[in-house]
Amino acid sequence: MIADNGIFNFFSSGTWAVIRNLTLFFVAVFWLATAFWVFKDARRRIEDPWLVGMATVLGLVPPFIGPLIYMLFRPPEYLEDVRERELEIKAMEERLSRRDMHCPVCRAEVDPAFLICPVCTTRLRQSCANCKAPLEALWQVCPYCETPVAPSAVDLGQTQALAPPRRERS
Ligand SMILES: [Zn+2]
Ligand SMILES: [Zn+2]
């Protein structure tokens with residue numbers, strides 16, 4: 001089987017072929033691996049499947065340079081991080097809006113229209129002396145019937161403010 005031109009030549013050329021094939025094989029594997037990495041990374045950062053596909057093609061087509069270009073232009077954040085942040089902001093907004101809906105004394109949940117906390121009877125809002133509409137703390141006049149708000153009743157949220165309006169009502 002061994003040709004006349006010597007074992008050494010045959011061996012060296014065979015080794016050369018093996019090395020060349022192995023190198024090509026590893027380069028191809030590395031090429032596909034980088035493209036696959038681009039696909040995986042793009043899927044975590046980009047919502048639009050078409051853009052993910054385009055990123056993957058870019059990861060494949062100029063081999064090894066495409067992934068570098070992708071890395072320069074990819075969205076800076078993961079989609080889950082964006083979603084998590086949005087959820088956090090939503091939760092924070094909810095918490096802030098809910099803070100107004102609690103009694104300042106006993107923390108019981110109260111309706112914004114309540115004049116008094118049903119749990120601890122703290123006065124939450126002043127009501128108009130004329131039309132009984134709930135008034136905001138800063139209002140100087142009832143917007144529903146134009147009756148001026150009594151200045152003595154302005155200190156809201158205070159437990160002392162409980163007594164006078166009650167007497168007014170009865
Ligand atoms: Zn209360
Ligand atoms: Zn009024």
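Begin by selecting the zinc ion (ligand 2) in this predicted model. The protein donors of this zinc ion are the SG atoms of Cys128, Cys131, Cys142 and Cys145, which lie 2.2 to 2.3 Å from the metal. Display the angles among the four donor atoms of ligand 2: they run from 104 to 114°, and the site is tetrahedral. Along the chain, these donors follow the spacing C-x2-C-x10-C-x2-C.

Next, select Cys128 and Cys142 together. The pair links distant parts of the chain, 14 residues apart. Cys128 is found in the loop between strand 1 (126-127) and strand 2 (134-135), whereas Cys142 is found in the loop between strand 2 and helix 5 (163-169). Are these two residues, Cys128 and Cys142, buried or exposed? Both Cys128 and Cys142 are buried.

Now move to the zinc ion (ligand 1). Its protein donors are the SG atoms of Cys103, Cys106, Cys117 and Cys120, at 2.2 to 2.3 Å from the ion. The angles among the four donor atoms of ligand 1 are 107 to 113°, and this site is tetrahedral. The donors of ligand 1 follow the spacing C-x2-C-x10-C-x2-C along the chain.

Finally, select Cys106 and Cys120. Cys106 and Cys120 each lie in the loop between helix 4 (79-99) and strand 1, so the pair ties together parts that are 14 residues apart in sequence. A surface display may be added here. Cys106 counts as partly exposed because its relative accessibility is 30%, and Cys120 counts as partly exposed because its relative accessibility is 25%; the partly exposed class lies between the limits of 20% and 50%.

How values were computed:
Residues are numbered from 1 along each chain as its sequence is written. Chains are lettered from A and ligands numbered from 1 in the order in which they are written. This is a predicted model: local features need pLDDT of at least 70, side-chain atom pairs count only at pLDDT 80 or more; totals for chains, interfaces and linings use all residues. Side-chain values use heavy atoms; hydrogens and water are left out. Donors are N, O and S atoms within 2.8 Å of the metal (3.2 Å for Na, K and Ca); water is not among the atoms, so sites may look incomplete. Four donors count as tetrahedral if all angles lie between 85 and 135 degrees; four count as square planar and six as octahedral if opposite donors are over 155 degrees apart and all others between 65 and 115; anything else is irregular. Helices (H or I, at least four residues) and strands (E, at least two) are DSSP runs, numbered from the N terminus. Buried means under 20% relative accessible area, exposed over 50%, partly exposed in between (1.4 Å probe, protein chains only).
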